[in-house]
Amino acid sequence: MSVAKKEYKRVTVKSLVDMKQNGEKISMLTAYDYSMAKIVDAANVDVILVGDSASNVMAGHETTLPITLDQMIYHASSVIRAVHRALVVVDIPFGSYQSDPKEALRSAIRIMKESGAHAVKVEGGQEIKESVKRILNAGIPVMGHLGLTPQSIYKFGTYTVRAKEKDEAQKLKDDAKMLEKAGCFAIVLEKIPATLAKEVAESVSIPIIGIGAGNGVDGQVLVVHDLLGITQEFNPRFLRRYLNLYEEMSNAISQYVEDVKTKDFPNDEEQY
């Protein structure tokens, strides 16, 4: 029996839990600027992630590590000004929460106060437990992130699938339970076996959002630049490109250059 889809004028952390309980899948996309966030929000995406992936797609860095807290706040502020419906979650960047719970709290408070965001996201499990608890105790909603955690890429040394071995899979399951017990409202699972992701989703009461984690979870997240085909060099198995904007934009810009060179633009109707 299908459940009628509820309309949410404003998505909250409670909305996501309700969606999981009602069997409604959760849609999540990244955005880093006002114009893109306005389009994403108008399309009724449930969650907008201001991801530290801005380090890659917006700034051209090889990893997510270089982006700073100030830069994340700038991107988040731009997104917040565009959004009317979606829940906006902001990554706390590398080096701003891992080892010092007090610094983690300061970072989270800055994001919430200076950007107007609705929640923060952190990577890791047991090793960041105290930081998570400190942020949650301040009343700030926290989304977890397990599996492939890009902020730890130099520790892993590769972007390959995580938790394929028994010990790592068990740790991931334990970490998910810990994050749920601590009070996280949702968890992202990145690039892990689909069977493991499904098992985790069924074992916790909070939503599990997957990226490269199969369809047995409660929702999906993609980087919007990948979905739209703006980026071309990134081709993981889990990515579905819905457009090829790289080609369309390149053609449009090339045509503009040609029209300027041949004096076709502006024409008589395009002048004052």
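Good morning, colleagues. I begin with Asp-18, a buried residue whose relative accessible area is 16%. Please keep in mind that what we have before us is a predicted model. The side chain of Asp-18 forms a salt bridge with that of Lys-14, at 3.1 Å from N to O. Lys-14, by contrast, is exposed, with a relative accessible area of 55%. Both residues belong to helix 1, which covers residues 13-22, and because they are 4 residues apart, about one helical turn separates them. The cut-offs explain the two labels: a residue under 20% is called buried and one over 50% exposed, so Asp-18 at 16% falls into the buried class and Lys-14 at 55% into the exposed class.

Let me now step back to the protein as a whole. The model holds 11 helices and 8 strands. Its C-alpha atoms occupy a box of roughly 65 × 45 × 40 Å along the principal axes. For 272 residues, a compact globule would have a radius of gyration near 19 Å, and the value here is 20 Å, so the two agree. Of those 272 residues, 49% count as buried. As for the contacts between residues at least 6 apart in sequence, 58% join residues that are at least 24 apart.

I return to the charged pairs. How many salt bridges does a search of the whole structure find? The search gives 11, and the pair in helix 1, Asp-18 with Lys-14, is one I have already described. A second pair is Glu-168 with Arg-162, whose side chains meet at 3.0 Å, N to O. In this pair Arg-162 is buried, at 13% relative accessibility, while Glu-168 is partly exposed, at 29%.

A third pair is Glu-199 with Lys-173, also a salt bridge, at 3.0 Å from N to O. This pair ties together distant parts of the chain, since Glu-199 lies in helix 9 and Lys-173 in helix 8, residues 166-182, with their positions 26 residues apart. Glu-199 is partly exposed at 38% relative accessibility, and Lys-173 is partly exposed at 23%. Elsewhere, salt bridges with shared partners connect Asp-70, Arg-110 and Glu-114 into one network.

Helix 9 brings us to the strands. Strand 6, residues 186-190, and strand 7 run parallel and are joined by 4 bridges. Within this pairing, Val-188 has Ile-209 of strand 7 as its bridge partner. Between the two strands the chain passes through helix 9, residues 194-203, and the resulting β-α-β crossover is right-handed.

Strand 7 also pairs with strand 8, residues 219-222; these two run parallel as well, with 2 bridges. Here Ile-209 has Gly-219 as its bridge partner in strand 8. Ile-209 thus has a partner in strand 6, namely Val-188, and another in strand 8, namely Gly-219.

Are the two faces of strand 7 covered or open? Both are covered: Ile-208 and Gly-210 are buried on one side, and Ile-209 and Ile-211 are buried on the other.

Next, a histidine. His-145 is located in strand 5, residues 142-147, and is buried, at 5% relative accessibility. Which polar partner does the side chain of His-145 find in another side chain? That partner is Glu-190, in a polar contact of 3.0 Å. The His-145 side chain also reaches a backbone oxygen, that of Leu-148, at 3.1 Å. Setting aside neighbours within four places in sequence, the residues in contact with His-145 include Lys-121, Val-122, Glu-123 and Gly-124, together with Pro-150, Ile-187, Val-188 and Glu-190. Val-188 appears again here among the contacts of His-145, having already been introduced as the bridge partner of Ile-209.

My last residue is Met-72, in helix 4, residues 69-80. At 0% relative accessibility, Met-72 counts as buried. Once neighbours within four places in sequence are left aside, Met-72 is in contact with Val-50, Gly-51, Asp-52, Ile-67, Val-90, Asp-91 and Pro-93. A further separation concerns Ile-92, which is 20 residues from Met-72 along the chain; the C-alpha atoms of the two are 7.7 Å apart.

I close with the two buried residues just described: His-145 in strand 5, at 5% relative accessibility, and Met-72 in helix 4, at 0%. Thank you for your attention.

Terms used: Residues numbered from 1 in each chain as written. Predicted model: local features only at pLDDT ≥ 70, side-chain atom pairs only at ≥ 80, totals over all residues. Heavy atoms only, no water. Buried < 20%, exposed > 50% of the residue type's maximum accessible area, 1.4 Å probe, protein only. Pairing = 2+ DSSP bridges. Right-handed = clockwise from strand over helix to strand, strands pointing away. Salt bridge = Lys/Arg side-chain N within 4 Å of Asp/Glu carboxyl O. Polar contact = N/O pair within 3.5 Å; in protein donor to acceptor, adjacent residues only side chain to side chain. Contact = heavy atoms within 4.5 Å. Rg over C-alpha atoms; globule rule 2.2 N^0.38 Å.
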